[in-house]
Amino acid sequence: MNNPGRNTLEEILSQIRVWEQAVAVAEGEREALSALSRDAPNRHLFFTGCGSTYYLSLAAAARLRSLAPIRAQGVPASELWLDPSSHCRATDRLIAISRSGTTTETLRAVQAYCSATGEPRATVTICCHGDSPLAQLGDINLVLPMGAETSIAQTRSFAGMLVASAAVNAQLAQRDEIVQSLASLPRAGNRVMELANSLAASWGRRLEFDRTYFLGSGPRYGLACEASLKMKEMSLSHSEPFHFMEFRHGPKSMVTDTTLVVGLTSESLLDQEMRVLQEVTALGARTIVLGERVDKIGGGASLSFESALPEEARDVLYLPPLQMLAFERAIAKGLDPDRPRHLDAVVELS
Ligand code: F1P
């Protein structure tokens, strides 16, 4: 295996230009998205995808709910496809997300949505391949060609599609100040990427940790799920995501002195979140605290974004450290993140 993870590393390090493309592509659809925003409060919006893009859907739906009184929900595409009557009503709207734009479950979820609602197309699609079937199935189709990847585990594609969903959400919620803030993400991202590389170079290679828990609430729970998936896909390591406060209700029993707990902290709930991290530290875990302006706990570590961006605009900043932690752990274990075990880049069903 010469140069293991070469593609994955290049894709993680090049993600900021995909963030920029996402902002520009969404800006190009400003009028159409603004038209959607006028009746969004009367609708139920579903975000859907598979695996990584399902976790993105969870994060995007939670973010939209935080921006405006709009009912939004993230649902696995397989659930929409196989049980549409439990989800779709005639007045619903669908935002379908897929890196490849060819995942069978996601395409079938769009078909099931159209059959259940009588709509001819999905409301919005977000993908990285303009020639894919999904890119033709939305009233509004956001395509991020710079997010295309050769690696199987999503990194820059996920980050770019998350920024695209943030731009869509800000437009739907008519939060222009958030739309404006997204343009400043690349500046903040360059700083975070540097910090992420040094954090992961030490903490990602500490193989004494035999389990990692990612804690995140609100939109950060979907990101915690994605971080946990990266740990599994790239480094074949046991990992689980939880809402911050949920960790006390049982999972805390799993904490040992070989446990790493990564907190995706907010500003609005920071005190409560830090209390959970202090408790698990007292039980022997090491912690990594990620957030806008945060301190480490005991023998743990921290990474402060110091972006000066509103909380609603900077969800993507958690991704470089989370992706690099999984990448460095995979390399330290002698694995090749470019070729994760048992996985294909796209799941296509017959
Ligand atoms: C989604 C997917 C994920 C998986 C991995 C590869 O494909 O297959 O299910 O977790 O990240 O991508 P897509 O529909 O986003 O192309």
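What follows is a look at the overall build of this protein, its aromatic pairs and one buried threonine.

The model is a predicted one. Its fold is made up of 12 helices and 10 strands. The radius of gyration comes out at 19 Å, close to the 20 Å that the globule rule gives for 350 residues, so the protein is as compact as a globular protein of that length. Along the principal axes, the C-alpha atoms fill a box of roughly 55 × 45 × 40 Å. Of the 350 residues, 59% are buried. The contacts tell a similarly simple story: taking those between residues at least 6 apart in sequence, 74% join residues at least 24 apart. As for the outside, the accessible surface adds up to about 13500 Å², and carbon and sulfur atoms account for 49% of that.

Now for the rings. The structure holds 6 aromatic pairs. One of them brings together Trp203 and Phe209, whose ring centres sit 6.0 Å apart with just 10° between the planes, a stacked arrangement. Both partners are tucked away: Trp203 counts as buried because its relative accessibility is 9%, under the 20% cut-off, and Phe209 counts as buried at 3%. Trp203 has a charged companion as well, with Arg206 lying over the face of its ring at 4.3 Å from the ring centre.

Another pair is formed by Tyr213 and Phe242. Here the centres are 6.1 Å apart and the planes meet at 50°, so this pair is tilted; an angle of that kind falls between the limits of under 30 degrees for stacked and over 60 for edge-to-face. The pair links distant parts of the chain, as Tyr213 belongs to strand E6 (residues 211–216) and Phe242 to strand E7 (residues 239–242), with the two positions 29 residues apart in sequence numbering. Tyr213 is buried, with a relative accessible area of 4%. Phe242 has a relative accessible area of 15%, and since the cut-off is under 20%, Phe242 is buried too. The pair does not stand alone, either: Tyr213 and Phe242 join Phe247 in one aromatic cluster.

Away from the rings, Thr8 deserves a quick word. This residue is found in helix H1, which covers residues 6–13. With a relative accessible area of 0%, Thr8 is buried. Leaving aside residues up to four places away in sequence, Thr8 touches Ser151, Thr155, Met234, Phe327, Pro337 and Asp338.

Notes
Residues are numbered from 1 along each chain as its sequence is written. This is a predicted model: local features need pLDDT of at least 70, side-chain atom pairs count only at pLDDT 80 or more; totals for chains, interfaces and linings use all residues. Side-chain values use heavy atoms; hydrogens and water are left out. Rings of Phe, Tyr and Trp (its six-membered ring) pair if their centres lie within 6.5 Å; planes under 30 degrees apart count as stacked, over 60 as edge-to-face and the rest as tilted. Buried means under 20% relative accessible area, exposed over 50%, partly exposed in between (1.4 Å probe, protein chains only). Helices (H or I, at least four residues) and strands (E, at least two) are DSSP runs, numbered from the N terminus. A charge sits over a ring if NZ of Lys or CZ of Arg is within 6 Å of the ring centre and within 35 degrees of the ring normal. Contact means heavy atoms within 4.5 Å. The radius of gyration is taken over C-alpha atoms; the globule rule is 2.2 Å times the number of residues to the power 0.38. Accessible areas come from the Shrake-Rupley method with a 1.4 Å probe; for residues, only the protein chains shown count as cover.
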